[in-house]
Every structure is written in structure tokens, then in C-alpha cells.
Amino acid sequence: MKIFKLENTDSTNNYCKKLVSEIREDAVVIAKTQSGGHGTKGRSFSSCKGGVYLSKLAFYPCKAKDSFKLMIKSALAVVMTLKAFNVNAVIKWPNDVFVNGKKICGILIENNFQGDEVFYSITGIGINVNNELPEGLSDIAVSVKQIVGEQNIDAVSSTLIYNLNRDYTVEEYKKYSCVLGKEITVIKGDKIFKALAADITSDGRLVLDSGEELLAAEVSIR
Ligand code: BTN
């Protein structure tokens with residue numbers, strides 16, 4: 001697997017997209033800073049020096065129907081990486097990683113489908129490690145440095161790459177879920193309602209106590 005180490009790029013996810021026209025092997029792109037880091041729902045992602053900004057490009061990682069596995073893998077890879085640095089994190093379905101109620105990492109997965117296969121997937125991960133957090137985010141975001149002190153960025157990146165190459169099960173995922181058994185607020189289309197998160201199926205749906213099953217793409221939860 002090729003590893004591209006960059007000083008700066010607009011976005012490591014975008015860099016991976018460009019690689020698709022040049023290579024057909026899995027690759028990892030790491031940048032010290034990003035000038036156009038972005039997240040879900042078109043939001044920008046602050047990417048100043050000291051954070052880990054990494055994207056993994058994988059060709060034919062799974063069947064389209066199994067694409068939730070990529071979310072499981074990314075969230076667990078981050079949780080395991082943080083654990084290696086003595087930070088205990090949990091996962092808010094589907095793949096938000098939190099420590100003490102604050103977000104420590106952002107994950108953006110961009111999949112390209114070919115028939116019933118995922119042709120390529122780009123898993124972009126930004127972890128707050130030694131970086132200063134943007135002003136105004138201190139109530140909702142946290143960094144590794146704030147919890148266990150400054151860490152070696154290269155060590156965090158290589159641990160993350162190792163953990164991204166592992167396989168995980170839904171059972172492992174459930175162990176780190178902070179929503180299972182809890183009351184959550186579901187936002188689905190123009191409806192907002194409270195429900196109990198009862199289970200997560202092997203294909204990644206969140207099962208509510210009413211029996212309704214939610215797909216990550218359809219809802220937000222609070
Ligand atoms: C989110 O919280 O909405 C997801 C943020 C994802 C940020 C990472 S940083 C590495 C990769 N490059 C990007 O532009 N985005 C992802």
C-alpha cells in the first residue's frame with residue numbers, strides 16, 4: 001500500500017480522488033495541514049498543524065450493501081488508535097467518535113459505486129491531537145493533548161493506518177456504542193421524535209424500541 005506524506009493539501013479526500021485516475025492500488029494520504037478540509041453536510045473542517053489528517057483510498061472494499069462496514073471500520077480504527085494512547089472514546093451511531101461528551105475526531109467517507117460493488121471508497125479521518133481547537137468549539141470538541149498531553153503525530157498516524165487495515169465485527173462496534181440502550185432524538189426528514197436505541201443490525205441499521213430500523217443516510221440523532 002502506497003503512503004503519500006504531504007506538508008499541505010486542500011483535502012486529503014480530494015487528493016485520493018485525483019489518485020483514482022492514476023493508480024489502482026490502495027493508498028493512504030496524510031497531510032500536516034489542509035487548506036480546504038471538509039466534513040459531512042458541506043461543513044468545513046479546521047485543519048491546522050498538530051492534528052492527524054488522513055485519508056485511505058481502497059478499491060473494491062466491499063459489496064454496496066455492506067458499505068456500513070466501512071463506517072464500523074473507520075470508527076473502531078479511531079477508537080482503537082486512541083486507546084493505544086490511553087484515551088477512552090465511544091461511538092455515536094453511525095461513526096462519530098466522542099470523549100467525555102465532546103467530539104475528538106471527524107470522519108468523512110466518500111464511496112463510488114459500480115453496480116452492486118463499492119468501486120472505491122475514501123475514508124477521511126481528522127483527529128484532534130496536538131492542534132489548538134478553533135475558538136468557540138471548546139464546549140463541543142476536545143483534543144488528545146487536552147486529555148493525556150502532547151503525542152507524537154507520526155506514531156498516531158501509523159497506529160491509525162494499522163487499525164484501518166484490521167477487520168472488525170458489529171459486536172466489537174456495539175461494545176463502544178454510546179447510544180445503545182439510551183434514549184435518543186431522531187431527526188428523519190421533517191420529523192423529530194424520541195426513541196430508545198435498542199440494537200444495531202449486522203448491516204448497520206439502528207433498531208429502535210418500536211422495531212423501526214434506521215439507515216445512517218436517512219437520519220441524524222442527538
Ligand atoms: C465531519 O466531522 O463532518 C467529518 C470531518 C472529516 C475531516 C477529515 S480530515 C481528513 C479528510 N479530509 C477532509 O477534507 N476531510 C476528512
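Which residues does Ser-143 touch, not counting residues up to four places away in sequence?

**Close-up 1. Surroundings of Ser-143 in the predicted model.** Ser-143 lies in the loop that runs between strand 7 and helix 3, the latter spanning residues 144–148. Once residues up to four places away in sequence are set aside, Ser-143 touches Ile-104, Asn-128, Val-129, Asn-131 and Leu-133. With a relative accessible area of 2%, Ser-143 is buried.

**Close-up 2. Helix 1 and the strands against which its buried residues pack.** In helix 1, which covers residues 12–19, the buried residues are Thr-12, Asn-13, Cys-16 and Leu-19. When the helix is seen down its axis, these buried residues fall within an arc of 110°, so they line one face of helix 1. The buried residues of helix 1 pack against strand 1 (2–9), strand 2 (27–34) and strand 3 (52–59), and also against strand 6 (102–114) and strand 7 (117–127). At the start of helix 1, the backbone nitrogen of Asn-13 has a side-chain oxygen of Ser-11 within 3.2 Å.

**Close-up 3. Packing of helix 2 against helix 4.** Two packed helices are described by the angle between their axes and the distance between the axes. For helix 2 (residues 68–84) and helix 4 (residues 153–164), the angle is about 140° and the axes are 8 Å apart. Helix 2 and helix 4 are therefore oblique to each other, and helix 2 passes helix 4 in a right-handed crossing. From helix 2, the residues that take part are Lys-73, Ser-74, Ala-77, Val-78, Met-80, Thr-81 and Ala-84, and they meet Val-156, Thr-159, Leu-160, Asn-163 and Leu-164 in helix 4.

**Close-up 4. Thr-81 within helix 2.** Thr-81 is buried, its relative accessible area being 1%. Leaving aside neighbours within four places in sequence, Thr-81 is in contact with Val-156, Thr-159, Leu-160 and Asn-163, and these four residues are among those of helix 4 that helix 2 meets.

**Close-up 5. Ile-125 in strand 7 and its contacts.** Ile-125 counts as buried, at 3% relative accessibility. Not counting residues up to four places away in sequence, Ile-125 touches Val-52, Tyr-53, Leu-54, Ser-74, Val-78, Cys-105, Gly-106, Ile-107, Leu-160 and Leu-164. Among these contacts of Ile-125, Ser-74 and Val-78 belong to helix 2, whereas Leu-160 and Leu-164 belong to helix 4. The C-alpha atoms of Ile-125 and Leu-6 are separated by 15 Å, and the two residues are 119 residues apart along the chain.

**Close-up 6. Backbone features at Tyr-60, Asn-86 and Pro-94.** Most residues other than glycine have a negative phi, and most peptide bonds are trans. Tyr-60, although not a glycine, has a positive phi of about 45°; this residue is found in the loop between strand 3 and helix 2 and, at 43% relative accessibility, counts as partly exposed. Asn-86, likewise not a glycine, has a positive phi of about 65°; Asn-86 lies in the loop between helix 2 and strand 4 and is exposed, with a relative accessible area of 63%. The peptide bond that joins Trp-93 and Pro-94 is cis, with omega about 0°, and Pro-94 lies in the loop between strand 4 (90–92) and strand 5 (96–99).

Technical notes: Residues are numbered from 1 along each chain as its sequence is written. This is a predicted model: local features need pLDDT of at least 70, side-chain atom pairs count only at pLDDT 80 or more; totals for chains, interfaces and linings use all residues. Side-chain values use heavy atoms; hydrogens and water are left out. Buried means under 20% relative accessible area, exposed over 50%, partly exposed in between (1.4 Å probe, protein chains only). Helices (H or I, at least four residues) and strands (E, at least two) are DSSP runs, numbered from the N terminus. The arc is that of the directions from the helix axis to the C-beta atoms. Contact means heavy atoms within 4.5 Å. A polar contact is a pair of N or O atoms within 3.5 Å; within protein, one must be able to donate a hydrogen and the other to accept it, and residues adjacent in sequence count only if both atoms are side-chain atoms. Axes are lines fitted to C-alpha atoms, for helices over the stretch in contact, and angles run from 0 to 180 degrees between N-to-C directions. Angles under 35 degrees count as roughly parallel, over 145 as roughly antiparallel, 65 to 115 as roughly perpendicular and the rest as oblique. A crossing is left-handed if the near helix is turned anticlockwise from the far one by less than a right angle, and right-handed if clockwise.
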